[in-house]
Amino acid sequence: DGCDEAIVGYATRINLDPVVVYSYNLLVAVFVKQGMTEDEAIEWIDYNVAGSWVGERTPVILYTP
């Protein structure tokens, strides 16, 4: 919730519904905007977002340099 600003598209996989693709860098920016430090945002995303499995609709995170 609250991370729509970080959506960069959708990904498809054979025989599965499309899933949302989030930009890692934009996710960091969203959480910083919500009041976290950059380090707190990175830790939160790595553990609670990237480290979560929420079923077949689990979002994809795009990491770019």
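## Two helices and a three-stranded sheet

Let's start with the helices: the axes of α1 (residues 24-33) and α2 (residues 38-49) come within 9 Å, crossing at roughly 120 degrees. Keep in mind while looking around that this is a predicted model. Two packed helices are described by the angle between their axes and by the distance between those axes. An angle counts as roughly perpendicular from 65 to 115 degrees and as roughly antiparallel over 145, with the rest above 35 being oblique, and α1 and α2 are therefore oblique to each other. As for handedness, the crossing of α1 past α2 is right-handed.

Now zoom in on the side chains and backbone atoms that make this contact. On the α1 side you'll find Tyr24, Leu27, Val28, Phe31 and Val32, and these meet Glu38, Ala41, Ile42, Trp44, Ile45, Asp46 and Val49 of α2. Sorted by type, the residues of this contact come out as 10 nonpolar and 2 charged, with no polar ones.

Step back for the whole chain. The protein has 2 helices and 3 strands, and if you walk along from the N terminus, the elements come in the order β-β-α-α-β. The C-alpha trace spans about 40 × 25 × 20 Å along its principal axes. Of the 65 residues, 25% are buried. Looking at contacts between residues at least 6 apart in sequence, 43% join residues that are at least 24 apart.

Next comes the sheet. Strands of a sheet pair through backbone hydrogen bonds, in either a parallel or an antiparallel way. Here, 3 strands make an open sheet, ordered β1-β2-β3, with mixed pairing. What stands at the edges of this sheet? β1 (7-13) and β3 (60-62) do, each with a single partner strand, so one side of each is left without a neighbour in the sheet. On average, and ignoring direction, neighbouring strands are turned by 30 degrees against each other.

Take the β1 and β2 pairing to begin with. These strands run in the antiparallel sense and share 5 bridges. Ala11 has Val19 of β2 as its bridge partner, and Gly9 sits opposite Val21 in β2. The connection is a hairpin: 2 residues lie between β1 and β2. Asn15 is worth a look in this loop between β1 and β2. Its phi is near 65 degrees, a positive value in a residue other than glycine. Is Asn15 buried or exposed? With a relative accessibility of 75%, Asn15 counts as exposed, the cut-off for that being over 50%.

On to the other pairing. Strand β2 (residues 16-23) and β3 pair in the parallel sense, and 3 bridges link them. For Tyr22, the bridge partner in β3 is Ile61. Val21 turns up again here, standing opposite Val60 in β3. So Val21 of β2 faces Gly9 as well as Val60 of β3.

Val60 makes a good stopping point. This residue belongs to strand β3. Which residues does Val60 touch, not counting those up to four places away in sequence? They are Ala11, Val19, Val20, Val21 and Tyr22. Val60 counts as partly exposed because its relative accessibility is 33%, and the partly exposed class lies between 20% and 50%. Val60 also shows how the chain folds back on itself in numbers: Tyr24 is 36 residues away from Val60 in sequence, and their C-alpha atoms are 9.6 Å apart in space.

How do the helices and the sheet relate? Look at α1, which lies across β1, β2 and β3 and runs at about 65 degrees to β2. This is the helix whose residues, Phe31 among them, meet α2.

Finally, go to the start of the chain. Gly2 is in the segment before β1. Gly2 contacts Val30 and Gln34, leaving aside neighbours within four places in sequence. Gly2 and Phe31 are 29 residues apart along the sequence, with 9.1 Å from C-alpha to C-alpha. That brings us back to Phe31 of α1, one of the residues meeting α2.

Technical notes:
Residues numbered from 1 in each chain as written. Predicted model: local features only at pLDDT ≥ 70, side-chain atom pairs only at ≥ 80, totals over all residues. Heavy atoms only, no water. Axes fitted to C-alpha atoms, helices over the stretch in contact; angles between N-to-C directions. Helix = DSSP H or I, 4+ residues; strand = E, 2+ residues; numbered from the N terminus. Left-handed = near helix turned anticlockwise from the far one by under 90°. Contact = heavy atoms within 4.5 Å. Nonpolar A, V, L, I, M, F, W, Y, C, P; charged D, E, K, R; others polar. Pairing = 2+ DSSP bridges. Buried < 20%, exposed > 50% of the residue type's maximum accessible area, 1.4 Å probe, protein only.
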